[in-house]
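Here is a short note to read alongside the structure, written as numbered points. Please keep the 3D view open and find each residue as it is named.

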Amino acid sequence: MTVELDPKAFTAQQIWNSPQLAVIVPTFNERDNVVSLFDLVSTALGDIPFEFIVVDDNSPDGTAAVVKDLARRHANVRCIHRIGRRGLSSAVIEGISASAAPYFAVIDADHQHDERILPQMLDKALAGDHVVVGTRYAGAGAVGEGLSKAREAGSRFATRLSGLVTGKALSDPMSGFFLMRRDVFDEIAPSLSSEGFKILLDIIVSAGRARARRGTELRLGEVPYTFRPRHAGESKMSSLVVVQFLGLVLSKLTGGLLPASFLLFGLVGGLGVFVHMGTLWATSALLGFNFFWAQLSATIVAMTFNFMLNNELTYANRKLRGWRYFTGLLTFYAVCSFGAIANVSVANWIYVIDHSLWIAGFAGVLMSVVFNYSVTKVFTWR
Ligand SMILES: Nc1nc2c(ncn2[C@@H]2O[C@H](COP(=O)(O)OP(=O)(O)O)[C@@H](O)[C@H]2O)c(=O)[nH]1
Ligand SMILES: [Mg+2]
């Protein structure tokens, strides 16, 4: 392939100006959106020297190749091409970490965020705001045609919920569109959760806490805009993402003591109990199995269900596929069997001392959740 160099593409000024703003664009299957987004952002930023960093999780539609082609024509474009990994939050964290510009902005590839407010967001940051959020719910901002009614209601509910954790009056903490100072980010980067979809919420909570410890305050700014419908392609948002988000909120409420993945693992385990009881009933009442076989089938069905759901939900970013799916399932069975032994021995031990059926039973269950979680994290979803 020949590389075309267009000497008129840059003025000397643009070449030697180090970027003031890094625009981070996470992508998954956004082939038909990225190039036009780059044009829109370039127009919006005018003379502001910026770099455009796309973080692509090896999209099957070939987004990375399109971005690399763009990067051959524009010195300020880069593609971080991640292989074997998935996840919006971790993609954003990597993109930010790859740049040295004093300010960065995060924007979706699908044109839903209005890039024309970027200069105004940067002005606010230059004037002293630590984080500036593009908001759909304040002032002139609006959801427009960008969200279905159900998603708008969901988004508003999540907004209220997150007010609980941030303790800040932000009109749109669920926004994926924000601009901030990189030194504020660097300070808290190690405490961010790389799981999930909503990194802004996490940043605000962590940076707020870090500053509160020093007796200073995190200065937040907002710039309203109208949310647009997705340009091309499909949304990656799903009900799994919603549940993951609830896990993140709960995890932040415990001060990060309980990781979101532990809470999700526990939730899956709770659902597994229903699956177990349902199978027990079906196999004994409908199929006429005796108790031993009914209980054995119920255990296997529930374990398999738990494995599948954990693989989709709890470990969506590390999903096992192909051959590893089956070896993962086998290690999961093995670990859960040991978990059951741990469960029974702890429960029995407590029952001997305490004689309370409920406390002993609950302690046993807790023991197996903690055991199964910690061990499968190491052996199954390494
Ligand atoms: N790198 C990366 N980007 C992602 C992933 N999931 C979503 N994105 C990108 O994140 C942005 C927002 O996703 P989108 O599907 O539009 O979510 P929605 O606007 O909430 O429906 C888009 O630019 C997506 O391409 C992922 O797993 N990895
Ligand atoms: Mg979108």
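1. Is Asn33 buried or exposed? This is a predicted model, and in it Asn33 has a relative accessibility of 1%; because the cut-off for buried is under 20%, Asn33 counts as buried.

2. Asn33 has its place in helix H2, and its side chain makes a polar contact of 2.7 Å with the side chain of Glu30. Leaving out residues up to four places away in sequence, Asn33 touches Ala109, Asp110 and His111, and also Arg230, His231 and Ala232.

3. Two of the residues just named also reach ligand 1: an N or O atom in the side chain of Glu30 is 2.6 Å from an oxygen atom of the ligand, while a polar side-chain atom of Asp110 lies 2.7 Å from an oxygen atom of ligand 1. The backbone takes part as well, since an N or O atom in the backbone of Thr27 lies 3.1 Å from a nitrogen atom of ligand 1. Taken alone, ligand 1 exposes 570 Å², of which the protein buries 95%.

4. Which residues surround the ligand most closely? Of the 20 residues around ligand 1, the closest are Glu30, Asp57, Arg86, Ser235 and Lys236. By class, this shell holds eight nonpolar, four polar and eight charged residues.

5. Two loop residues deserve a second look at their backbone angles. Asn29, in the loop between E1 and H2, has a phi near 55°, and Asn58, in the loop between E2 and H3, has a phi near 50°. Most residues other than glycine have a negative phi. Both are partly exposed, with relative accessible areas of 27% for Asn29 and 36% for Asn58.

6. The largest nonpolar core has 32 residues, and Leu21, Val23, Phe52 and Leu179 touch the most other members. At least two residues of this core come from each of several elements, including strand E1 (21–27), strand E2 (50–56) and helix H5 (118–126), and H2 gives the most, with five residues. In soluble globular proteins, nonpolar side chains tend to be buried together.

7. Leu21 shows how distant parts of the sequence come together, for, leaving aside neighbours within four places, Leu21 is in contact with residues including Leu45, Phe50, Tyr103, Leu122 and Leu179. Apart from this core lies another, of 28 residues, among them Ala22, Val92, Phe104 and Leu192.

Terms used: Residues are numbered from 1 along each chain as its sequence is written. Chains are lettered from A and ligands numbered from 1 in the order in which they are written. This is a predicted model: local features need pLDDT of at least 70, side-chain atom pairs count only at pLDDT 80 or more; totals for chains, interfaces and linings use all residues. Side-chain values use heavy atoms; hydrogens and water are left out. A nonpolar core is a set of buried Ala, Val, Leu, Ile, Met, Phe, Trp, Tyr and Cys residues joined through side-chain atoms within 4.5 Å. Buried means under 20% relative accessible area, exposed over 50%, partly exposed in between (1.4 Å probe, protein chains only). Helices (H or I, at least four residues) and strands (E, at least two) are DSSP runs, numbered from the N terminus. Contact means heavy atoms within 4.5 Å. A polar contact is a pair of N or O atoms within 3.5 Å; within protein, one must be able to donate a hydrogen and the other to accept it, and residues adjacent in sequence count only if both atoms are side-chain atoms. A residue is near a molecule or strand if one of its heavy atoms lies within 4 Å of it. Accessible areas come from the Shrake-Rupley method with a 1.4 Å probe; for residues, only the protein chains shown count as cover. Ala, Val, Leu, Ile, Met, Phe, Trp, Tyr, Cys and Pro count as nonpolar, Asp, Glu, Lys and Arg as charged, and the others, Gly among them, as polar.
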